[in-house]
Amino acid sequence: MSSTEQEKPVYAQRKGYVPKWKKKATLAEVTGTKEVSASEKGLVGSIPITFQQGTGEAATLIKTTAMPGQSLKLVASQAGQYIKYGCGKGECGTCESLCNGKYLRPCVDAVPTDLTPDPNTGEYAPLVIQVKGTKAKVVSSGKFFSVKSFILGFWNNLLGMVGFVRDRRKARKNWQERMSKEDEIKRLTEEKKRKRAEPFAADKKT
């Protein structure tokens, strides 16, 4: 078995498996501009920045340049570095990254403005930003249904039926109580009318 086949999920290695969709090549992969430098991409700046995702030989490095005070979120987006964000306010810590031994949050932080260039070369020391690795949750698309889906569907329907019967009983009880109150009001009204009519009937007899 080749290394490419070993990287595929178990369900994708089955004989006769036909995926419903296939990943298309990006524009950089089609045009061959994946390894173009930051200056050739039109990214300007005097501070070199390297985005590192992962460790060891499996780490991916994306090099770019930025200007002091520039938003790190914008820098990462322009360089093609994916960073998972959460609240976007710097509170949840989803995008928290490590930059030269210090933690920062690209959603709100910017390129430091207090950096000093090397007195001999006049160049800035590169900033290495270690971003969190993202793992995509693999879900099989080969089956539309499963035994679990049938069980959960039956359970949901059962709960719905029980709730329907319970609500109907409550509604019927409320309807009966309302009708009994209306009958009581009707009886009291007729009795009141009868009492009012009794003096007039007595006067007519006399």
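This report walks through a predicted model, from its overall make-up to its sheet and its long-numbered helix α5.

Residues are numbered from 1 along each chain as its sequence is written, and side-chain values use heavy atoms, with hydrogens and water left out. Since the model is predicted, local features need pLDDT of at least 70 and side-chain atom pairs count only at pLDDT 80 or more, while totals for chains, interfaces and linings use all residues.

**Overall make-up**

The protein has five helices and five strands; here helices (H or I, at least four residues) and strands (E, at least two) are DSSP runs, numbered from the N terminus. Read from the N terminus, the elements follow the order α-α-α-β-β-α-β-β-β-α. Of the 206 residues, 15% are buried, where buried means under 20% relative accessible area, exposed over 50%, and partly exposed in between (1.4 Å probe, protein chains only). The protein exposes about 17,100 Å², and carbon and sulfur atoms supply 56% of that area. Accessible areas come from the Shrake-Rupley method with a 1.4 Å probe; for residues, only the protein chains shown count as cover. Among contacts (heavy atoms within 4.5 Å) between residues at least 6 apart in sequence, 51% join residues at least 24 apart.

**The sheet**

How are the five strands ordered in the sheet? They form an open sheet in the order β2-β1-β5-β3-β4, with mixed pairing; two strands pair if DSSP finds at least two bridges between them. Strands β2 (60-66) and β4 (102-104) stand at the edges with a single partner strand each, so one side of each has no neighbour in the sheet. On average, neighbouring strands are turned by 30° against each other, direction ignored. Helix α4 (residues 72-79) packs on this sheet and touches β1 (47-53), β2, β4 and β5; its direction makes about 75° with that of β1. Such axes are lines fitted to C-alpha atoms, for helices over the stretch in contact, and angles run from 0 to 180 degrees between N-to-C directions.

Strand β1 deserves its own look. Six of its seven residues are buried, so β1 is largely enclosed by the rest of the structure. Seven bridges join β1 to β2, and the two run antiparallel; within this pair, Ile47 stands opposite Ala66 of β2. The two strands form a hairpin with six residues between them, and Gly54 in the turn has a positive phi of about 95°. Towards β5 the pairing is parallel, with five bridges, and Ile49 has Leu127 of β5 as its bridge partner.

Thr50 also sits in β1. Is Thr50 buried or exposed? With a relative accessible area of 12%, Thr50 is buried. Beyond its neighbours within four places in sequence, Thr50 is in contact with Leu61, Ile62, Lys63, Leu127, Val128 and Ile129.

Further along the sheet, two bridges join β3 (residues 97-99) to β5 (residues 127-131) in antiparallel fashion, and Leu98 has Gln130 of β5 as its bridge partner. In the loop between β3 and β4 lies Asn100, which has a positive phi of about 50° although it is not a glycine. Asn100 counts as partly exposed, at 48% relative accessibility.

**Helix α5**

Helix α5 covers residues 147-205 and includes Val162. Val162 joins Phe154, Trp155, Leu158 and Leu159 in a nonpolar surface patch of about 520 Å². Patches are made of residues with over 30% relative accessible area and no salt bridge: like charges are joined within 9 Å, nonpolar side chains (Val, Leu, Ile, Met, Phe, Trp, Tyr) within 5 Å. At 51% relative accessibility, Val162 counts as exposed.

A salt bridge is a side-chain nitrogen of Lys or Arg within 4 Å of a carboxyl oxygen of Asp or Glu, and the count comes to six. Three of them are listed here.

| Salt bridge | N to O distance |
|---|---|
| Glu191 and Arg187 | 3.4 Å |
| Lys195 and Glu191 | 3.7 Å |
| Arg194 and Glu198 | 3.0 Å |

Glu191 and Arg187 are four residues apart in α5, about one helical turn, and so are Lys195 and Glu191. Glu191 is partly exposed at 26% relative accessible area, and Arg187 is partly exposed at 42%. Arg194 and Glu198 are likewise four residues apart in α5; Arg194 counts as partly exposed at 44%, as does Glu198 at 42%. Salt bridges with shared partners join Glu184, Arg187, Glu191 and Lys195 into one network.
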